[in-house]
Each structure stands twice: as structure tokens, then as C-alpha cells.
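Here are my notes for you on this model. Have it open while you read, since I go through it point by point.

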Amino acid sequence: MQTLRRVEQIMGLPISVDLRDGDAALAELAFESLRAADAQFSPFKADSEVSRLDRGELTREELTPDLVEVLDLCDWYETSTGGAFTARVPGRGLDPCAVVKGWAVQRAADLLKEAGATRFCLNAGGDVVVAGEPEPGKPWRVGVRHPDQADALCVVLGVRDGAVATSALYERGQHILDGRTGEPARGILSVTVVAADLAIADTTATAAFSLGRDGIEWAAAQPDCEVFIVDEDRQVFRGPGLPVHIC
């Protein structure tokens with residue numbers, strides 16, 4: 001099979017698939033799953049399951065297993081961070097997007113694998129899930145953008161069968177709040193997490209960022225996660241098992 005690349009705008013960001021052993025039908029399978037997740041979980045769609053729950057139209061017992069799973073993840077991270085990470089910031093409605101993006105992209109990747117794809121990269125606004133190798137003997141290379149320089153990278157990672165997610169200020173400004181105060185989180189410029197699952201990588205990165213400087217130690221202690229963190233003083237903290245790619 002030939003390489004297939006495709007991009008769609010879903011969940012408010014560009015999501016691309018790079019399939020090295022798939023076809024258009026497989027790509028559509030992934031995007032159909034992502035569109036369905038957006039329709040189900042978006043707090044910006046009045047008819048989504050999340051919006052209906054937030055308005056009190058659904059009870060916990062009436063929720064789909066997928067939304068229960070997402071909310072359980074939100075609750076776990078909220079407890080683990082002492083409330084710094086939360087899907088329920090005062091003054092706002094229920095917003096589980098910090099979990100949903102990684103969860104939905106990982107679900108799409110799992111569908112690709114179940115359908116027989118073994119070599120691909122799903123990229124959701126810079127957060128990626130990869131499988132196999134793009135070329136024999138070579139990992140997928142994932143660049144981590146420099147927090148101050150848009151045209152520079154601070155590190156390049158080499159990843160096979162895993163996920164990489166980054167939470168930072170450079171795309172959307174101070175959009176990550178500390179749930180304990182309702183104010184923008186401070187102390188960190190960028191958090192990158194490598195894990196086996198994008199839901200874990202993405203949520204861990206956001207949760208660590210919400211904790212501020214305390215998030216450095218917290219993220220490093222998370223099981224099966226490797227971190228690359230830049231704080232406000234431009235100090236770099238790197239996990240011992242970070243898969244740095246040597247060109």
C-alpha cells in the first residue's frame with residue numbers, strides 16, 4: 001500500500017493522519033471516530049452529551065460508558081493534583097476537553113490498529129500517537145517546539161508505538177487554569193509527556209502545567225511517563241528515559 005496523508009479540522013484543531021500501510025477507507029474510519037467524539041463530548045455543541053449533562057438533562061446512570069470513562073479520568077486527575085486540574089472551573093460549565101482530545105485520538109488510533117494498520121502517525125495539533133516505524137529501522141521523529149522561538153525546537157524525540165503530548169503557552173496563551181484559584185497557571189512554559197497512551201500523555205501534561213512548579217515533581221512521579229519540562233526561568237527538566245532522537 002502507498003503512503004496516505006489526510007488532514008481535517010475537528011475539535012477546533014487540525015488533525016492529520018499519515019498512514020504507511022493503509023488506505024482511504026482506514027483514514028475515514030479514524031476521522032469518523034473523531035467527528036463522533038466531537039459531537040458527543042463538545043461543551044460548545046448544545047446537543048452533545050456533555051452539554052445535556054451540564055444542563056441537568058441526564059443523570060449519571062443515563063450516561064454512555066465512554067462519557068463515564070472520560071469523567072472518571074477527569075476525577076482521577078483532579079484528585080491527584082489537589083484540584084489544580086479540573087473539568088469544572090467555577091463560573092464555567094462542565095468542560096472535559098483536556099481529557100477528550102487525547103482520549104479521542106487514542107481511540108481513533110486503536111481503531112486503526114484493530115483494522116490492521118501497523119505503521120501510522122495521528123497528529124492532533126502537535127499531540128501525536130504513532131505505531132511502528134515510518135521506514136525500517138527508523139522511529140517516528142516528534143519535534144518539541146521551543147517555548148520562546150516559534151521556528152526552533154528544544155528537542156526531537158524518536159518514538160515507536162507510543163504517544164507524545166505538549167501543554168504550552170505558545171498556541172493559545174494562558175489558557176490553562178489552576179482549578180484551585182481559577183487563575184491562569186504560572187511557573188511553567190512547556191510540559192511534554194511521552195507515554196503509551198495519548199489520553200494519559202495529554203492529560204498528564206495539562207495537569208502538570210496546571211500545578212505550576214509543583215507539576216515538575218508531580219509529572220516525573222507519574223508511572224510509565226517520561227517528561228521534558230521548561231519552567232519560567234528557562235530551566236529544563238528531563239526524565240532519564242526520555243527517547244531523545246540523535247540525528
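The points below take the helix contacts, then a pocket, then two backbone angles.

1. Before anything else, keep in mind that this is a predicted model. Two packed helices are described by the angle between their axes and the distance between the axes. That is how I go through the helix pairs here.

2. Start with helix α1 (residues 24–41) and helix α4 (residues 97–114). Their axes lie 9 Å apart, and the packing angle is about 150°. That angle is over 145°, the cut-off for calling a pair roughly antiparallel, so α1 gets that label relative to α4. As for handedness, α1 and α4 make a right-handed crossing.

3. Who touches whom in that pair? On the α1 side you'll find Leu26, Leu29, Ala30, Ser33, Leu34, Ala37 and Phe41, and they meet Val100, Trp103, Ala104, Val105, Arg107, Ala108, Leu111 and Leu112 of α4. Sorted by class, the residues of this α1–α4 contact come to 13 nonpolar, 1 polar and 1 charged.

4. Next, helix α3 (residues 65–80) against α4. Here the axes come within 10 Å and cross at roughly 130°. The pair is therefore oblique, and the crossing of α3 and α4 is right-handed. From α3 the contact takes Asp66, Glu69, Val70, Leu73 and Cys74, and from α4 it takes Val99, Val100, Trp103 and Arg107. The class split for α3 with α4 is 6 nonpolar, no polar and 3 charged.

5. The remaining partner of α4 in these notes is helix α5 (residues 198–210). The axes of α4 and α5 come within 7 Å, crossing at roughly 160°. These two helices are therefore roughly antiparallel to each other. Once again the handedness is easy to state: α4 passes α5 in a right-handed crossing.

6. For the residues of that pair, look at Ala98, Val99, Lys101, Gly102, Trp103, Val105 and Gln106 on α4, which meet Leu198, Ala199, Asp202, Thr203 and Thr206 on α5. By class, the α4–α5 contact has 6 nonpolar, 4 polar and 2 charged residues. If you want one side chain to click on, try Trp103: this residue of α4 is listed in the contact with α1, in the one with α3 and in the one with α5.

7. Now the second largest pocket, which holds about 160 Å³ of space. Its lining is made of Ser16, Asp18, Arg20, Cys121, Asn123, Gly126, Val128, Trp140, Arg141 and Val142. By class, that lining has 4 nonpolar, 3 polar and 3 charged residues.

8. Which strand gives the most to the lining of this second largest pocket? That would be β5, with 3 residues. At least two lining residues each come from β2 (13–19), β3 (120–124) and β5 (140–145).

9. Last, two backbone angles to look at. Asp161 has phi near 50°, a positive value in a residue other than glycine, and this Asp is found in the loop between β6 (153–159) and β7 (162–168). Arg234 has a positive phi too, near 65°, and is likewise a residue other than glycine. You'll find Arg234 in the loop between β11 (226–231) and β12 (236–238).

Methods
Residues are numbered from 1 along each chain as its sequence is written. This is a predicted model: local features need pLDDT of at least 70, side-chain atom pairs count only at pLDDT 80 or more; totals for chains, interfaces and linings use all residues. Side-chain values use heavy atoms; hydrogens and water are left out. Axes are lines fitted to C-alpha atoms, for helices over the stretch in contact, and angles run from 0 to 180 degrees between N-to-C directions. Helices (H or I, at least four residues) and strands (E, at least two) are DSSP runs, numbered from the N terminus. Angles under 35 degrees count as roughly parallel, over 145 as roughly antiparallel, 65 to 115 as roughly perpendicular and the rest as oblique. A crossing is left-handed if the near helix is turned anticlockwise from the far one by less than a right angle, and right-handed if clockwise. Contact means heavy atoms within 4.5 Å. Ala, Val, Leu, Ile, Met, Phe, Trp, Tyr, Cys and Pro count as nonpolar, Asp, Glu, Lys and Arg as charged, and the others, Gly among them, as polar. On a 1 Å grid over the protein atoms alone, a cavity is a set of points where a 1.4 Å probe fits but cannot get out, and a pocket is an open set with protein on both sides within 12 Å along at least five of seven lines; lining residues have an atom within 4 Å of a point. Grid points are joined across faces, edges and corners, and a volume is the space filled by probe spheres set on the points.
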